[in-house]
Amino acid sequence: MKIVGIDFTSTPNRSKPLTCLFCNFDNNILRVERLIKWESFESFEKFLKTSDRWVAGIDFPFGQSRKFIENIRWPKTWEGYVNYVSSMRRSEFREALDQYKKIRPYGDKEHLRQTDIAASSLSPQKQYGIPVALMFFEGAPRLLKSGATLPGLLKGDCNRLIVEAYPGVLAKRLIGRRSYKQDNKKRQTSDQASAREKILHKILNDNCFEDYGFRIKTSKNICADPTGDQLDSLLCAMQAAWAWKQREKNYGTPINVDPLEGWIADPITCKKMNRS
């Protein structure tokens, strides 16, 4: 099976492209084949509509929290509110989120999905720092238009499967909260390089085998990128491969997943959700 890991950004360009890692998954080995960088959404959209069989793991929140959707009174289906968001300009989307926060009490402004709690990930309403809300704004409507299947959210072409990935949850499991990447060249350090090497060393030495159930084959050069985008695309591919391995169990979709929110394809995160 072709597995694709994509490190996403809300504003792809030459200096910060979408980083896409194509892999082959066979006999419980995930083998990296090639790396592609997309400097615009046009290439991303073309890929989403390709007719090949593939499973992609993409690093952005596919949905918003139920609490937010109900409070702001957007349509109460994933397709409905994503389609509604697609009709908005980015400035209108940002204003809607800002206005919502203004009327909320302190400590209850940006809400988490069930899967965010399990994965210790950011609120998909977050616009600043790591602007995952803008990634949702740019990414989710494109997924809806692609006609692909998003397990737990959307039934489409069963030959094209897309799952939400979050490389941070796996990285933290391997090295704790140690920093391993930085977009700003002036803040890139040798310690971050060492952290990336440690992540890859653990992956290649089967530290993830018990949870994921397969091995990884890749060049060690993948951790040389100081932004961490290439390494993150590998972690996304691992989460996509795990979902494919769970295809007889609805791709690992948690039994209590909220169809309004979506879920992160990670074995430990999904176990936590199943226990909650």
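Is K2 buried, partly exposed or exposed? In this predicted model, K2 is partly exposed, with a relative accessible area of 26%. Here buried means under 20% relative accessible area, exposed means over 50%, and partly exposed lies in between, as computed with a 1.4 Å probe on protein chains only.

Allow me to state the ground rules. Residues are numbered from 1 along each chain as its sequence is written, and side-chain values use heavy atoms, with hydrogens and water left out. As the model is a predicted one, local features need pLDDT of at least 70 and side-chain atom pairs count only at pLDDT 80 or more, while totals for chains, interfaces and linings use all residues.

My subject today is salt bridges. A salt bridge is a side-chain nitrogen of Lys or Arg within 4 Å of a carboxyl oxygen of Asp or Glu. The structure holds 20 of them.

I begin with the partner of K2. The side chain of K2 forms a salt bridge with that of D52, at 3.2 Å from N to O. This pair links distant parts of the chain, 50 residues apart: K2 belongs to strand β1 (residues 2-7), and D52 to the loop between α1 (41-48) and β4 (54-58). Helices (H or I, at least four residues) and strands (E, at least two) are DSSP runs, numbered from the N terminus. D52 has a relative accessibility of 40% and therefore counts as partly exposed.

The second pair is D157 and R160, whose side chains meet in a salt bridge of 3.0 Å, N to O. D157 is partly exposed at 25% relative accessibility, whereas R160, at 8%, is buried.

The third pair is D266 and R173, with the closest N and O atoms 2.7 Å apart. Because D266 lies in the loop between α10 (229-245) and α11 (267-275) and R173 in helix α7 (residues 167-175), the salt bridge ties together parts that are 93 residues apart in sequence. D266 is buried, at 0% relative accessibility, and R173 is partly exposed, with a relative accessible area of 32%.

Beyond these pairs, E45, R90, E138 and R142 are joined into one network by salt bridges that share partners. Which helix holds E138? E138 is found in helix α6 (residues 132-146). Its relative accessibility is 13%, so E138 counts as buried. Leaving aside residues up to four places away in sequence, E138 touches F8, S10, F41 and R90, where contact means heavy atoms within 4.5 Å.
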